[in-house]
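Open your viewer and get comfortable. We will go from stop to stop, with a selection to make at each one.

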Amino acid sequence: MIRLVGILVGLGFTFVVLLTFLVGAYTAATEPAAETAEHAFHLTPKEDVHFSFEGPVGHWDIAQLQRGYKVYKEVCSACHSLKQVAFRNLADLGYSEAQVKAEAAAWRVPGIDPNTGEATTRPGLPTDAFPSPYPNSVAAAAANNNAIPPDLSLMTKARHEGSHYVYSLLTGYQEPSAELAERFPESLPGPGLHHNPYFANLNLAMAPPLTTEGQVTYDDGTVATVDQMSQDVAAFLTWTAEPKLVKRKQTGWPVLGFLLFATILAWFAKKSVWANAKRRED
Amino acid sequence: MSFPWAKNYEPVNPVMKFMDEKLPLPRLVYNAVGAGYPVPRNLSYFWNFGILAGFCLVLQIVTGVVLAMHYAANSGIAFNSVEHIMRDVNWGWMLRYMHANGASFFFLVIYIHIFRGFFYSSYKAPREMIWLLGVVIFLLTMATAFMGYVLPWGQMSFWGAKVITGLFSAIPLVGEPIQIWLLGGFAPDNAALNRFFSLHFMLPFVILGVVILHIWALHIPGSSNPTGVEVKQESDTVPFHPYYTAKDGFGLGVFLLIYFAFVFFFPNTLGHPDNYIEANPLSTPAHIVPEWYFYPFYAILRAFTFDFIIEAKLWGVLAMFSSILVWFFLPWLDKSPVRSGHYRPMFRKFFWFGLIPCMAVLFYCGGAPAEEPYVMISQIATAYYFLHFLVILPIISSIERPEPLPFSITEAVLGSDDSAVIEPAAKAAE
């Protein structure tokens with residue numbers, strides 16, 4: 001009885017799903033889905049850059065993180081916050097306590113006037129997070145053609161291949177190809193938008209932020225090409241997204257080493273326990 | 001319970017004697033996972049996964065309880081509190097990666113455990129109750145994992161919660177009120193996050209309780225084995241300790257190596273980048289998917305795209321829930337007297353060339369975008385899924401001619417039964 005009911009139910013589901021398959025197949029055959037501009041022109045992040053923190057023994061390039069921080073401070077921070085990162089975290093980048101204090105004090109963060117209680121700004125403290133340049137999201141949208149500049153703290157973890165994504169996006173601005181203009185004229189950048197094949201929908205509200213060599217003056221003498229600045233800020237944003245990345249990899253090796261040793265011991269223990277149990281009597 | 005030749009617990013130490021009289025907990029352990037539990041001597045490494053699943057449950061509870069000390073279940077600050085754990089809590093990043101990847105590995109282990117059960121028909125008499133409790137554990141684990149994924153309050157958390165609770169809105173008439181009641185609002189918000197946290201904390205202990213019943217039920221008939229022939233005599237078994245404690249110890253080592261390789265070197269590979277974007281009710285992600293371990297069921301849900309008598313969405317929901325509920329009926333759908341797939345030629349072919357590829361396809365399609373050809377492929381796989389469990393299994397169990405079975409486990413291991421010799425455990429352990 002239960003099997004009869006089972007067979008009927010099974011055949012029922014099969015019938016319905018095959019029916020829906022036939023309907024879908026008919027639709028697909030008669031009105032094939034139109035290809036989208038994103039599908040045809042979106043590019044996955046460039047893989048030709050290697051970052052020092054990649055790979056199983058990756059490590060931070062402190063000089064690069066400091067350069068990246070400078071790019072963020074002088075360019076990105078005009079619109080983007082880093083609300084998960086505090087100034088005290090800059091100690092990870094090799095800055096001394098005094099330097100961190102001075103660095104923090106150079107930023108203005110939201111505060112309260114102790115005499116009047118009115119909202120004001122004050123110099124940052126090491127415990128403050130990198131502030132947003134806008135008082136709220138309405139102001140951010142109003143200042144940016146209705147596109148709110150996202151917080152960058154976690155950007156490299158919030159995209160596939162995040163570090164390469166940031167680098168590709170910053171170096172990927174280009175004129176839309178003639179092919180795109182011909183096949184998908186509606187996907188050409190509208191007013192205030194910029195074509196970038198690494199961006200999900202190809203049209204980005206952010207104007208190319210890094211445009212000229214020497215836009216940022218590096219303290220360590222590195223030539224600040226657009227490519228170099230893009231790499232450096234991508235590395236910096238990888239650090240802001242996961243400050244414990246290198247510590248994680250460094251912790252992993254002893255853990256795996258210990259486990260490998262323990263597993264080999266367990267293998268021999270198992271072998272010796274079972275040595276007598278399976279032997280055939282010849 | 002157990003077999004007449006099972007070793008008896010005899011405490012020597014006066015403290016243990018006292019304990020045994022007042023509260024025979026050591027005796028319980030001895031009989032459950034000690035030398036007092038005789039186990040078939042021929043278990044393969046596929047029999048390691050029960051212990052591993054138990055280990056994963058404990059790992060999730062331990063890491064989860066500590067994470068809960070730092071996490072704040074409030075839609076305003078939940079996302080930031082998770083980042084606080086990742087950045088400022090001592091070793092918080094490791095705990096969270098262990099917990100997040102622990103969920104994935106828990107499911108990996110459970111899936112292998114379940115498919116071991118499918119191949120060796122572990123659900124058949126006298127082990128139906130173990131199987132039924134196992135399916136209950138699986139359903140509870142799915143619910144727990146789903147609610148856990150909502151807690152970081154990222155984009156996938158929010159939209160996943162919205163899609164999954166939205167399934168209930170497919171129920172005619174009462175669907176929408178049920179969804180609102182489940183969420184405590186019209187959309188996922190603080191009320192939903194709070195109750196999901198509460199349930200996510202509570203359910204693992206319910207799972208632990210059902211696991212105890214699962215193991216209790218296991219100890220009535222004893223473990224199954226790769227031949228599917230029941231234990232007949234002492235030479236068919238070895239004591240659990242030291243034989244299987246040693247084997248499980250090695251299995252656990254291998255498991256931990258792979259697991260920690262992911263925790264330390266690929267901690268986000270099994271997750272989704274969108275969940276590092278804070279939940280935003282006004283911005284729908286282009287591509288909403290659940291965690292990988294729900295892909296096959298998500299593929300079945302999305303396979304129904306045509307309103308046949310009832311709404312397509314309701315068909316999808318019915319099919320998705322039925323796809324797991326059919327497992328409850330397996331002991332009665334598959335009536336073949338032979339358990340092990342090794343001796344069932346037709347069953348074996350349908351398992352390896354039907355069910356396994358079907359599941360692989362459903363896994364793939366569940367994670368793919370809801371567009372052609374993935375929808376059509378998952379429709380074919382869904383059809384096979386239901387045919388396999390509800391039509392093929394009952395039919396082949398009555399028409400198949402099984403291959404000859406060994407007389408006993410001893411014969412299967414040693415070639416002949418009369419040469420059965422098992423060294424005493426103590427001697428073997430030397």
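## A loop in chain B to begin

Select the loop between α11 (295-303) and α12 (312-333) of chain B, and you will find I309(B) there. Bear in mind as you look that this is a predicted model. Although I309(B) is not a glycine, its phi is positive, at about 65°. Is I309(B) buried or exposed? I309(B) has 7 other C-beta atoms within 10 Å, so it counts as exposed.

Now jump to the loop between α7 and α8 (175-183) of chain B, where L173(B) sits. L173(B) is not a glycine either, yet it has a positive phi of about 65°. With 7 other C-beta atoms within 10 Å, L173(B) is exposed.

## Helix α7 of chain B

Next, pick helix α7 (residues 155-166) of chain B and click on G166(B), which belongs to this helix. G166(B) counts as partly exposed because it has 19 C-beta neighbours inside 10 Å, and the cut-off for buried is 20 or more. Draw a distance from G166(B) to T284(B): their C-alpha atoms are 15 Å apart in space, with their positions 118 residues apart in sequence.

## Two cis peptide bonds

Where in chain B does P126(B) lie? Look in the loop between α5 (92-119) and α6 (128-150). Show the backbone here: the bond joining A125(B) and P126(B) is cis, with an omega of about 5°.

For another cis bond, go to H241(B) and P242(B), where omega is near 10°. P242(B) is part of helix α10 (residues 240-265) of chain B.

## The domains of chain B

Time to zoom out. Colour chain B by its three ranges: domain 1 (1-36), domain 2 (46-288) and domain 3 (298-399). The centres of domain 1 and domain 2 of chain B, taken over C-alpha atoms, are separated by 32 Å. Domain 1 of chain B gives 9 residues to the contact between these two, and domain 2 of chain B gives 10 residues. On the side of domain 1 of chain B that touches domain 2 of chain B, 6 residues are nonpolar, 2 are polar and 1 is charged.

## Where the chains meet

Show both chains and highlight their contact, to which chain A gives 52 residues and chain B 60 residues. Which elements of chain A give two or more residues to this side? They are α1 (2-30) and α9 (245-274) of chain A. Select α1(A) on its own to see the largest share of that side, 19 residues. Colouring the chain A side by class gives 31 nonpolar, 11 polar and 10 charged residues.

## Chain A on its own

Hide chain B and you are left with 9 helices and 6 strands in chain A. The radius of gyration of chain A is 28 Å, well over the 19 Å that the globule rule gives for 282 residues, so chain A is more spread out than a compact globule. Rotate it along its principal axes: the C-alpha trace spans about 85 × 65 × 45 Å. Buried residues account for 30% of the 282 residues in chain A.

Now select strands β2 (residues 108-112) and β3 (residues 119-123) of chain A, an antiparallel pair with 5 bridges. One of the partnerships to look for is I112(A) with A119(A) in β3(A). The two strands make a hairpin with 6 residues between them, and in the turn G117(A) has a positive phi of about 75°.

For the last stop, colour chain A by pLDDT: the mean is 92, and 98% of its residues reach 70 or more. Among the elements of chain A, the lowest mean pLDDT (86) belongs to helix α2 (residues 37-41) and the highest (97) to α9(A).

Terms used
Residues numbered from 1 in each chain as written. Chains lettered and ligands numbered in written order. Predicted model: local features only at pLDDT ≥ 70, side-chain atom pairs only at ≥ 80, totals over all residues. Contact = placed C-beta atoms within 7 Å. Helix = DSSP H or I, 4+ residues; strand = E, 2+ residues; numbered from the N terminus. Nonpolar A, V, L, I, M, F, W, Y, C, P; charged D, E, K, R; others polar. Domains from an automatic or database assignment. Rg over C-alpha atoms; globule rule 2.2 N^0.38 Å. Buried ≥ 20, exposed ≤ 12 C-beta atoms within 10 Å, placed from the backbone. Pairing = 2+ DSSP bridges. pLDDT = per-residue confidence, 0-100.
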